[in-house]
Amino acid sequence: MHEECGIFGIYSKERASVAVSTYYALCALQHRGQESCGIVVNDRGVLKCKKELGLVNDIFDNEALNKLGDGKMAVGHVRYAVGDGATSHSIQFMTSQNSPPMAFQNTQPMVVRHIKGPMAIAHNGGLVNASALRDEYELKGGIFHSTGDSEVISYAITEQRVNAVSIENAVELAMPRLSGAYSLLVMSAKKLIAARDPNGFRPLCLGELPNSAGYVVASESCALDSICAEFIRDIEPGEIVVISEKGIESIRTHCTKKGELCVFEFVYFARPDSIIEGVSVQHSRNTAGRILAREHPVEADIVIGVPDSGLDSAIGFSLESGIPYGIGFVKNRYIGRTFIQPSQGMREDSVKIKLNPIKETIKGKRVIMIDDSIVRGTTCARIVRLLREVGAKEVHVRISSPPFLNPCYFGADVNSRDGLIACQLTTDEIRARIGADTLGYLSLDGISKVAKGGRCDFCMGCFTGKYPVEVPDEKPTNKFDMRFSEV
């Protein structure tokens, strides 16, 4: 599930260290993407870009930030690498003399040179019609250098830019061509533009810098907190926000419906200290745990959570059930999320060094282990085995989401049902496969209540197979990947 990304944009009324602010914000968004990162600074219309494969803190040292320099605007991006063999393309990009020949062409932000001026694009989400649009633009003579949707979006915008009255008008005209999920930042020579798809699949919020020095846009509010910016509001589904020397302008041409945010933002993707659509992510996970305790009660001695997104649900389960909560694992903070690594072997190796159970907490006890989801089942089985090895008397697994049964077309890279364990086995068979004494999932009714009071509905297609927009029967193989793998 590795295609989830994080975006950040800043507009300062005066020249400032916008690269440094973007660096801090991307560090706060690192949980959304640990494979590559990038920053583009706009200094008087000149775009300076640095992007590499790696973590924010590894790529952007003082020297790199100083080279980017000051400016009035910047956009930043963190992402997970594609796990579809993109690194084996015959055409590869070298980021520097010492960089490995990997899929650098897919890193963001993307800088586009156009007759109407340069622009930088940073994008989070996934288009269901990206392949069709790519074919259309290629037949018109377009040349693509990446496998991601961002380049398709850039073509859609530049196509409209020729006749549009402004860059924001070009974005407005391009949006009906884009079907699917996109939280988008476009930085031109003089403007910072944020746009969110009409369904609002992915989060995007607006904030103000201290002392009214400017504005910021980010995937999550935790990025605003990292630079002491004040949260203003969530950008509405379908809304375009234009930030320039004139201030803030809102274009609501495409604001036609209530949003349907990806429910996994609350289950797993977002950081617990973020507020999304008026709901605390931490509180929503706590609520999920409480509902889970009512739906799947069991006698036990202790409740533990799998770090990080399982912890708040475990606390909620404990509070509702009255069973004591304990810290069951020590997490190595320098290892990325496991089931989103590009290969199965990497996932299994990561689990071995990522979590270490606390023997004194577990030994001889009936343990309730709370996790956020089971996708393939390999990680969960390994964790249950770790608990058995340190002497757990019983292991009862509770999952704070329903069974994952369908592909995601909107940014999380679960391409087909083939790798989903819930599509192959019954709940009891999954219980036996992972080695648990009992297994219980949060119900569909339960997951619909975790963000009660929020300003949006949820996309739960991964659980139900019902999507807010029309999708293909199965996510197709990217034709671009096929062509270059055959060279």
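# A guided tour of salt bridges, backbone features and packing

Begin by selecting R44 and D43, which form a salt bridge (a side-chain nitrogen of Lys or Arg within 4 Å of a carboxyl oxygen of Asp or Glu) with the closest N and O atoms 3.3 Å apart. The model is predicted: local features need pLDDT of at least 70 and side-chain atom pairs count only at pLDDT 80 or more, while totals for chains, interfaces and linings use all residues. Residues are numbered from 1 along each chain as its sequence is written, and side-chain values use heavy atoms, with hydrogens and water left out.

Stay on this pair. Is R44 buried or exposed? R44 is exposed, its relative accessible area being 66%, whereas D43 is buried at 12%. Here buried means under 20% relative accessible area, exposed over 50%, and partly exposed in between, with a 1.4 Å probe and protein chains only. R44 sits in the loop between β2 (36–43) and β3 (46–53); helices (H or I, at least four residues) and strands (E, at least two) are DSSP runs numbered from the N terminus. The backbone of R44 also merits inspection: phi is positive, about 55°, although the residue is not a glycine.

A second positive phi can be found at E277, where the value is near 50° in a residue other than glycine. E277 lies in the loop between β15 (275–276) and β16 (279–280) and is buried, with 6% relative accessible area.

Return to the charged pairs, of which the structure holds 28 as salt bridges. Select E265 and R202, whose closest N and O atoms are 3.1 Å apart in a salt bridge. This pair links distant parts of the chain, 63 residues apart: E265 belongs to helix α8 (residues 264–269), and R202 to the loop between β8 (192–196) and β9 (205–208). E265 counts as buried at 0% relative accessibility, and R202 is likewise buried at 0%.

Next, select R455 and D234, a salt bridge with its closest N and O atoms 2.8 Å apart. It also joins distant parts of the chain, 221 residues apart, with R455 in the loop between α16 (444–447) and β23 (457–459) and D234 in strand β11 (residues 230–234). R455 is partly exposed at 48% relative accessibility, while D234 is buried at 8%. Now add R32 and E220 to the earlier selection: salt bridges with shared partners join R32, R202, E220 and E265 into one network.

For cis peptide bonds, go to Q108 and P109, where the bond has omega near 0°. P109 is in the loop between β4 (71–79) and β5 (110–112). Which residue follows P307 across another cis bond? It is D308, with omega near -5°, in the loop between β17 (302–305) and α10.

Now display helix α4 (residues 130–139) and helix α5 (residues 149–161), which pack at an angle of about 55° with axes 10 Å apart. Axes are lines fitted to C-alpha atoms, for helices over the stretch in contact, and angles run from 0 to 180 degrees between N-to-C directions. The two helices, α4 and α5, are therefore oblique to each other; angles under 35 degrees count as roughly parallel, over 145 as roughly antiparallel, 65 to 115 as roughly perpendicular and the rest as oblique.

Finally, select A412 in the loop between β21 (394–399) and α14 (421–424). A412 is buried at 2% relative accessibility, and its C-alpha lies 7.8 Å from that of G125, although the residues are 287 apart in sequence.
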